[in-house]
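Reader: I have just opened this entry. Can you walk me through it, one question at a time?

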Amino acid sequence: MSIRSAGGPANCIIDCENDGLGFTFCTLPDDRPVTIEGFTIRDGRGVFAGGICIAAAEVTIDNCVIEQCVGTGDGITHFSGGLMIFQSPVLITNTIIRGNFAGSYRGATGAGIHAYGYSDLTIEDTRIEDNEAAGPAGGGAYIDRNSRLVMRRCSVSGNHLASPDYRGVGGGIYAGAYVKGSSITETDISANWISTDDPEDTSFGGGAYLTYYCDISNCSVTGNRANNGGGIFFDSDRVKLRDILIADNYASLDGGGCYSEGNGYETIERVRLLRNSAGRDGGGAFSYQTQQWSHGEIAGNTAERNGGGLYGLAVGVRQCRILDNRSGQDGAGIYTEFGAVVSSTLIAGNRAEGSGGGVFERDSDGYSRNVTVVANSSRTGGGGVHIEGAGHSDPAMFGSIVFGNSPTSIADASGMLIVEHCNVEGGWPGVGNLDVDPRFIDPANDDYRLGPASPCIDSGDNRQVDEGKDLAGLPRRMDDRGMPDAGIGLNAIVDMGCYEFQGTSTGFIAVHPRPGVAGRDNQLQAAGATPGNVVYFVYGFATGSTGVPGCPGLTIDIANPRIAAQSTADANGYASKIINIPSAASGRAIILQAVDRDACAVSNAIGYRFP
């Protein structure tokens with residue numbers, strides 16, 4: 001059965017004059033579906049809804065406007081302003097639901113739409129805007145009690161949840177407990193908000209409150225606000241977030257962009273978390289459990305206290321960019337209570353007014369692999385990484401670059417941090433560690449890829465690689481044939497940091513000792529020498545300028561150099577020598593350089609500290 005207007009919603013207006021509903025659909029004879037098309041329903045008023053009530057009926061609403069309708073409620077049951085749907089399959093398409101109001105009883109939920117009791121609701125190409133519920137949940141739409149929501153290509157904007165006497169959840173959308181198999185795609189959720197009489201009252205999810213098996217993808221969540229979770233609140237082990245922009249949201253307390261609870265098995269993929277802010281913790285995101293972020297960007301967020309970008313009991317980050325976040329206290333990029341597990345990630349340009357510009361870990365069980373931590377700053381503690389204490393296991397860092405941070409690269413108050421095959425400015429004890437310019441391509445313009453002949457090339461540890469691609473999506477473990485292998489592994493050795501060098505270095509190049517441990521035999525290596533020439537490996541303890549005999553004007557960059565070893569370059573220009581480094585060298589910073597005197601050539605200088 002179809003009910004259609006001749007002229008569309010602009011020319012067919014049902015004005016209820018605040019005395020009754022526009023339509024009521026209950027169980028129809030023979031369960032026949034019904035379609036209503038082309039109406040404006042205005043100024044309806046009823047106990048359960050002001051615009052349309054649907055109970056146990058299959059209904060399609062197409063090309064309609066439902067506006068300025070009021071649900072008064074009876075003080076006992078839930079009710080809506082625009083549409084009430086109970087135990088019904090309903091399709092809403094190409095419709096505007098705006099300016100509706102659900103009154104001041106506790107049951108005022110979903111001022112635009114309220115669906116419950118095993119309803120199956122599909123909303124497509126529809127605008128839900130400027131509705132207000134004076135109750136606990138769903139300023140725009142409320143879906144609960146074993147109902148299912150499928151929302152595509154919609155706009156949910158400007159809705160308001162006024163919750164004066166109790167916790168408010170879902171300024172734009174509430175998809176609550178028992179909602180199974182719901183999805184929201186290609187939808188804009190913007191400028192929704194929750195207000196309370198007392199600013200310390202808790203409200204969650206200014207844009208959306210999502211729990212129980214709800215997938216949200218290819219959406220934007222912008223300009224929403226609440227006490228907690230300005231953009232989204234989600235149950236972290238039941239909700240999937242993919243390909244979403246979460247930007248410019250505000251939480252007066254925690255979680256400016258989003259706030260999550262649960263057991264921490266959520267999917268958060270390709271999410272851009274930008275310019276959100278919080279009055280307490282977690283400017284970008286806040287979690288009481290474990291957050292798992294992958295292939296995303298977390299940038300420009302601000303927290304008045306801790307965790308400008310991310311705040312969590314524990315945080316997992318994989319192939320993300322964490323950039324230019326700010327915190328009034330600790331952990332501008334990442335703040336964790338129990339540690340961060342980070343891989344193939346760039347953490348750059350973050351600033352903390354306390355400690356840990358890049359990362360702050362209070363009681364760390366965390367570890368990082370192939371992370372680049374650069375140009376972060378803090379007023380106290382580690383500008384790059386600050387570890388306050390160790391947890392049940394020792395914190396560790398492998399194959400990473402920590403350089404150009406202020407005031408220091410790493411501060412480890414626990415004394416338990418393990419660092420291996422990393423490039424740490426200022427030096428750090430550990431196997432294969434460097435203290436040398438990583439030779440980024442263009443750090444002044446935030447290009448932290450490795451340039452040719454970077455000492456970080458082929459210097460990582462293949463045993464610690466857990467990604468097949470680098471942060472740019474390019475293959476890992478690419479062999480630079482112009483660089484000697486200085487890391488750990490067979491065949492191609494992974495580079496340090498989040499980016500893998502994809503080319504071939506040229507010139508006369510020396511690398512740090514392998515395995516780089518005092519009291520053991522170590523291999524000294526150089527590449528790019530003239531085949532058949534003798535290569536001298538020289539060392540010293542301070543930089544300087546020393547002439548090379550027989551090569552007028554040629555100098556090495558070491559004061560009072562000494563020859564450690566010499567070797568003849570093979571047909572490929574490689575020279576290597578194994579020598580024993582005495583235990584007394586442990587903890588001493590040295591400078592190494594290779595000299596091809598017959599060709600009047602010197603290599604790069606390497607700063608190194610033996611553990």
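**Charges, strands and their partners**

Author: Start with charge. The chain carries 43 positive and 69 negative side chains, and the centres of these two sets are 4 Å apart. Keep in mind that this is a predicted model.

Reader: How many helices and how many strands does the chain have?

Author: Look at the strands, because runs of at least two E residues count as strands here. The C-alpha trace spans about 105 × 45 × 35 Å along its principal axes. Within it, the count comes to 0 helices and 69 strands.

Reader: What share of the residues counts as buried?

Author: The cut-off for buried is under 20% relative accessible area. The accessible surface of the chain is about 22,200 Å², with 47% of it on carbon and sulfur atoms. Of the 611 residues, the buried share is 59%.

Reader: What percentage of the contacts with a separation of 6 or more joins residues 24 or more positions apart?

Author: A contact needs heavy atoms within 4.5 Å. Take the contacts in the chain with a separation of 6 or more; the share from residues 24 or more positions apart is 75%.

Reader: Which side chains of strand β8 point to the buried face?

Author: Strand β8 covers residues 59-62, and its side chains alternate. T60 and D62 point to one face and are not buried. The other face, which is buried, takes V59 and I61.

Reader: Which residue of β12 is the bridge partner of V59?

Author: β8 pairs in the parallel sense with β4 (residues 34-37) over 4 bridges. There, T35 stands opposite T60. β8 also runs parallel to β12 (residues 89-93), again with 4 bridges. In β12, V59 has as its bridge partner V90.

Reader: Is T336 buried or exposed?

Author: T336 lies in strand β44, residues 334-336. Leaving out residues up to four places away in sequence, it touches G312, L313, V315, F360, E361 and R362. Its relative accessibility is 0%, so T336 counts as buried.

Reader: Which strands stand at the edges of the open sheet of β60, β61 and β66?

Author: The order is β60-β61-β66, with antiparallel pairing. An edge strand has a single partner, so one of its sides is left without a neighbour in the sheet. That applies to β60 (509-514) and β66 (575-581).

Reader: What is the average twist in that sheet from one strand to the next?

Author: One pairing in the sheet is β60 with β61 (residues 520-527), antiparallel over 4 bridges. In that pair, R514 has Q523 as its bridge partner. From strand to strand, the twist averages 20°.

Reader: Why is strand β67 largely enclosed by the rest of the structure?

Author: Strand β67 covers residues 589-596. It runs antiparallel to β62 (residues 534-540), joined by 5 bridges, and G540 is the bridge partner of I591. β67 is largely enclosed because its buried residues number 7 of the 8.

Reader: Which residue of β69 stands opposite A589?

Author: β69 covers residues 606-609. It runs antiparallel to β67, and 4 bridges join the two. Opposite A589 stands R609.

Reader: Which residue in the turn between β67 and β68 has a positive phi?

Author: β67 and β68 (residues 601-602) pair in the antiparallel sense over 2 bridges. D596 has A601 as its bridge partner. The two strands form a hairpin with 4 residues between them. In that turn, the residue with a positive phi, about 50°, is C600.

Definitions and conventions:
Residues numbered from 1 in each chain as written. Predicted model: local features only at pLDDT ≥ 70, side-chain atom pairs only at ≥ 80, totals over all residues. Heavy atoms only, no water. Pairing = 2+ DSSP bridges. Axes fitted to C-alpha atoms, helices over the stretch in contact; angles between N-to-C directions. Buried < 20%, exposed > 50% of the residue type's maximum accessible area, 1.4 Å probe, protein only. Areas by Shrake-Rupley, 256 points an atom, 1.4 Å probe, with all protein chains shown as cover. Lys, Arg positive; Asp, Glu negative; His and termini not counted. Charge placed at Lys NZ, Arg CZ, Asp CG, Glu CD.
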